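Colleague: I would like to go through the sheets and the salt bridges of this model. Please end each reply on the value or name I ask for.

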Amino acid sequence: MKCLPISFLILALATATAFAYDPSPLQDICVATNDLNSGVFVNGKFCKDPNQATADDFLFKGFRIPGNTSNPLGSKVTPAFVDQFPGLNTLGISMARIDFAPGGLNPPHTHPRGTEVLVVVEGTLLVGFVTSNQLNNTLFTKVLYKGDVFVFPIGLIHFQLNIGNTYALAFAGLSSQNPGLITIANAVFGAKPPISADVLTKAFQVDKKVVDYLQAQFWYDNN
C-alpha cells in the first residue's frame, strides 16, 4: 500500500483540529430561538429570522446582581451561555460571573467543550488545574489577586477558592457558546442512578461505608 503524502496528513490533522471547537458561522447572526418552525438549525439551536433580531438579543443583564453565596459551597456561578444569552449562538464564546463568600469554593469541575480564562475583579483566589494522566496529573496552581488573569485549558479539572477574609468576584470567558460543565463530586457520587459501590470502592480504594456515606449526601450545584 502506498504511503500518503505528508502534506495530505498535515491537511487532515489541521482539518480535524479546526472542527474540534464550535464551527464558524456562515452568516452574520443566528439568535437562538425555541421556535421550531424557524427552519434553520445551527450549533444545537434554531435560529431566529435575522430580519426579526433586535439589539436586546445581544444584551445580557444577568451580571448586574451579585450571585447568592448563601449555600454549602459559599459561591455562585451566573452563566451567560447560549441558553441564557441567545445572541451568542454560533459565535463560539460565552461568559460567567462567579461570586465568592469568604472561604467560598467553586469546586473541581471541567468544561468538556471550552477553555476558560478567568480575571479576578475583587478578592484573593487560590486557583488551579490538573493535567491529564499523560502528564502525571500535575497540579498547576497560583494565588490570584485583583486584576490577575489565569487560563484553564479545555477539558482539564480546575477549581477556584476564596482564601481571603472578604467577598471575592471573578469573571470568566469561555471558548464555546455551550462549554458544558461536569462537577466532579456531583458526577461521581451524585449520579442518577448511582454508580455501583463496587466500582467506587475499588476506584477510590476506600471502604464501602465511605462510598455509601458520600452517595447519601446532597451534592449542591452552584450554577
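Colleague: Over how many bridges do strand S7 and strand S12 pair?

Modeller: This is a predicted model. Strand S7 covers residues 116-122 and strand S12 covers residues 168-174. One pair across them is Glu 116 with its bridge partner Leu 174 in S12. The two strands run in the antiparallel sense, and the number of bridges is six.

Colleague: Which strands are at the edges of the open sheet that has the order S4-S5-S12-S7-S10?

Modeller: The five strands of this sheet pair in the antiparallel sense. An edge strand here pairs on one side only, and that applies to strand S4 (75-80) and strand S10 (149-152).

Colleague: By how many degrees are neighbouring strands of this sheet turned against each other on average?

Modeller: The order in question is S4-S5-S12-S7-S10. With direction ignored, the average turn between neighbours is 20 degrees.

Colleague: In the open sheet S9-S8-S11-S6-S13, which strands have one side left without a neighbour?

Modeller: This sheet also has five strands, with antiparallel pairing. A strand with a single partner strand stands at the edge, so one of its sides has no neighbour in the sheet. The strands concerned are S9 (139-144) and S13 (182-183).

Colleague: Which residue in S11 stands opposite Asn 106?

Modeller: Strand S6 (residues 105-110) and strand S11 (residues 157-162) run antiparallel and are joined by three bridges. Opposite Asn 106, in S11, stands Gln 160.

Colleague: Is Asp 99, which meets Arg 97 in a salt bridge, buried or exposed?

Modeller: The side chains of Arg 97 and Asp 99 meet at 2.9 Å, N to O. Arg 97 has 6% relative accessibility and counts as buried, because the cut-off for buried is under 20%. Asp 99 has a relative accessible area of 0%, so Asp 99 is buried.

Colleague: For the salt bridge of Asp 57 with Lys 48, how far apart are the closest N and O atoms?

Modeller: Asp 57 is buried, at 12% relative accessible area. Lys 48 counts as partly exposed, at 24%. Their closest N and O atoms are apart by 3.1 Å.

Colleague: Which helix holds both Asp 212 and Lys 208?

Modeller: The side chains of Asp 212 and Lys 208 meet in a salt bridge, 2.9 Å from N to O. Asp 212 is partly exposed at 33% relative accessible area, and Lys 208 is partly exposed at 43%. The two residues are four residues apart, about one turn of the helix, and both lie in helix H4 (residues 208-216).

How values were computed: Residues numbered from 1 in each chain as written. Predicted model: local features only at pLDDT ≥ 70, side-chain atom pairs only at ≥ 80, totals over all residues. Heavy atoms only, no water. Pairing = 2+ DSSP bridges. Axes fitted to C-alpha atoms, helices over the stretch in contact; angles between N-to-C directions. Salt bridge = Lys/Arg side-chain N within 4 Å of Asp/Glu carboxyl O. Buried < 20%, exposed > 50% of the residue type's maximum accessible area, 1.4 Å probe, protein only.
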